Protein chains: 2
Amino acid sequence: MLMGEFHHSIDQKGRMIIPAKFRETLGSNFIITRGIEKCIYIYPKDAFAQITQKLKSLPFTKKNARSFVRFFLSGALEVELDKQGRILLPEPLAKYASLSKNCVIIGTGERLEVWDEDSWQTFFTEEQDNMAEIAEDLFQDSDERW
Amino acid sequence: MLMGEFHHSIDQKGRMIIPAKFRETLGSNFIITRGIEKCIYIYPKDAFAQITQKLKSLPFTKKNARSFVRFFLSGALEVELDKQGRILLPEPLAKYASLSKNCVIIGTGERLEVWDEDSWQTFFTEEQDNMAEIAEDLFQDSDERW
DNA sequence: ATAATAGTGGGGAAAAGTGGGGGATTTCTA
DNA sequence: TAGAAATCCCCCACTTTTCCCCACTATTAT
């Protein structure tokens with residue numbers, strides 16, 4: 001289970017450290033792709049395989065399906081750790097998520113998310129006030145305690 | 001699986017690089033044809049064979065079927081990599097997709113798509129906002145996580 | 001305090017991408 | 001049918017990017 005928040009930097013060559021805690025789960029090869037928000041997702045290969053499985057079942061004759069597959073896969077790439085535990089960030093993805101120097105890497109269960117530090121700050125302060133409400137909303141039909 | 005986004009240029013002789021990452025999957029000979037959107041599709045030979053197989057099963061008595069087959073096959077052409085890993089873009093296809101100098105090559109699973117940089121930019125910004133919605137829509141019947 | 005692990009930065013070799021010269025082949029044309 | 005023109009494709013030269021390696025710093029553990 002991927003969890004936690006780590007602050008790191010991207011060097012001038014476009015390389016970013018993958019925090020040591022995540023390396024065991026991710027292995028040395030994994031998938032990096034555009035997130036739905038203004039961030040990057042990082043999936044272990046097996047988790048990503050489940051997603052592509054799903055995508056395959058979508059008909060390429062449907063416009064929405066084509067758009068979505070295009071959006072999702074065009075942003076995806078398999079990357080490999082170097083001996084220092086870093087990856088080279090693909091430029092289009094860095095641009096998409098406005099990543100420059102300071103970034104935040106967070107674990108969200110089955111994937112990682114990489115945010116620009118400023119974007120993360122903004123997102124976080126904006127959303128934290130809504131959390132109580134969102135929580136009620138998500139679990140309104142549920143009797144479960146947590 | 002063909003994935004990723006690469007920005008390259010077409011030189012004055014009409015040649016375009018096929019990114020190194022794709023060459024293994026494509027082999028040295030593959031099929032290039034008109035895309036459904038304003039772009040060019042590139043298929044490995046075997047994937048293209050499967051598609052033509054499907055097209056054959058369409059009833060040629062249906063007007064739409066005839067149109068589609070005509071559209072799809074009239075633009076299709078087998079091309080070969082030169083020793084530098086480039087292909088020579090057939091002029092009618094370049095024209096169809098408004099390809100001039102700067103182009104974007106994206107992997108979308110079983111095929112590549114080649115877009116003019118401006119067209120891609122336009123498509124992308126237009127669709128970006130719909131993606132979250134489309135995603136919810138596509139996966140609404142699913143219990144799976146992704 | 002010392003050793004081990006994690007993170008940062010940069011040099012340099014190798015690979016990928018770009019552009020153009022020029023020869024061979026094909027096509028056009030007179 | 002010969003010569004001109006266009007096209008294609010092989011090769012070379014150059015630039016940029018990627019990747020491997022080493023050195024150094026910072027942090028954590030013993």
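Let's start in the loop between α4 (91-96) and β7 (102-109) of chain A, where we find A:Ser98. This is a predicted model, by the way, so please keep that in mind as we go. The phi of A:Ser98 is near 55 degrees, a positive value, and the residue is not a glycine. For background, most residues other than glycine have a negative phi. Is A:Ser98 buried, exposed or partly exposed? It counts as partly exposed, because it has 13 C-beta neighbours inside 10 Å, and a buried residue would need 20 or more.

Now look across to chain B. B:Ser98 is in the loop between α4 (91-96) and β7 of that chain. Its phi is positive too, about 55 degrees, although B:Ser98 is not a glycine. With 13 C-beta neighbours inside 10 Å, B:Ser98 also counts as partly exposed.

Let me step back to chain A as a whole. How many helices and strands does chain A have? There are six helices and eight strands. If you walk from the N terminus, the elements come in the order β-β-α-β-β-α-α-β-β-α-β-β-α-α. The C-alpha trace of chain A spans about 50 × 40 × 25 Å along its principal axes. Out of its 146 residues, 28% count as buried. And here is something about the fold: take the contacts in chain A with a separation of 6 or more, and 59% of them come from residues 24 or more positions apart.

Next, the sheet in chain B. Six strands form an open sheet in the order β1-β7-β8-β4-β3-β5, and the pairing is antiparallel. Which strands sit at the edges? They are β1 (2-9) and β5 (77-80) of chain B, and each of them pairs on one side only. From one strand to the next, the twist averages 25 degrees. Zoom in on one pair: β7 (residues 102-109) and β8 (residues 112-116) of chain B run antiparallel and are joined by five bridges. Within that pair, B:Ile105 stands opposite B:Val114. Now a visitor from the other chain: helix α3 (residues 63-74) of chain A packs on this sheet and touches β1 and β7 of chain B. The direction of α3 makes about 105 degrees with that of β7(B).

That brings us to the contact between the chains. Chain A contributes 21 residues and chain B contributes 16 residues. On chain A's side, α2 (45-56) and α3 are the elements that give two or more residues, and α3(A) gives the most, with nine residues. The residues on that side of chain A divide into 13 nonpolar, six polar and two charged.

Before the DNA, a quick look at helix α2 (residues 45-57) of chain B. This helix has 13 residues and reaches 19 Å from its first C-alpha to its last, close to the 18 Å expected. It is hardly covered, with one buried residue among the 13.

Finally, the DNA. Around strand C there are 19 residues, and those that come nearest are A:Ile17, A:Ala20, B:His8, B:Ile17 and B:Ala20. The β1 strands of chain A and chain B each supply at least two residues of the surface near strand C. That surface divides into six nonpolar, 10 polar and three charged residues. And what surrounds DNA strand D? Both chains take part, with residues including A:Lys13, A:Asp82, B:Lys13 and B:Asp82. Near strand D, the residues divide into two nonpolar, two polar and six charged.

Thanks for listening, everyone!

Terms used. Residues are numbered from 1 along each chain as its sequence is written. Chains are lettered from A and ligands numbered from 1 in the order in which they are written. This is a predicted model: local features need pLDDT of at least 70, side-chain atom pairs count only at pLDDT 80 or more; totals for chains, interfaces and linings use all residues. Two strands pair if DSSP finds at least two bridges between them. Helices (H or I, at least four residues) and strands (E, at least two) are DSSP runs, numbered from the N terminus. Axes are lines fitted to C-alpha atoms, for helices over the stretch in contact, and angles run from 0 to 180 degrees between N-to-C directions. Two residues are in contact if their C-beta atoms, placed from the backbone, lie within 7 Å. Ala, Val, Leu, Ile, Met, Phe, Trp, Tyr, Cys and Pro count as nonpolar, Asp, Glu, Lys and Arg as charged, and the others, Gly among them, as polar. A residue is near a molecule or strand if its C-beta atom, placed from the backbone, lies within 6 Å of it. A residue is buried if 20 or more other C-beta atoms lie within 10 Å of its own, exposed if 12 or fewer, and partly exposed in between; C-beta atoms are placed from the backbone. The expected span of a helix is 1.5 Å times one less than its number of residues.
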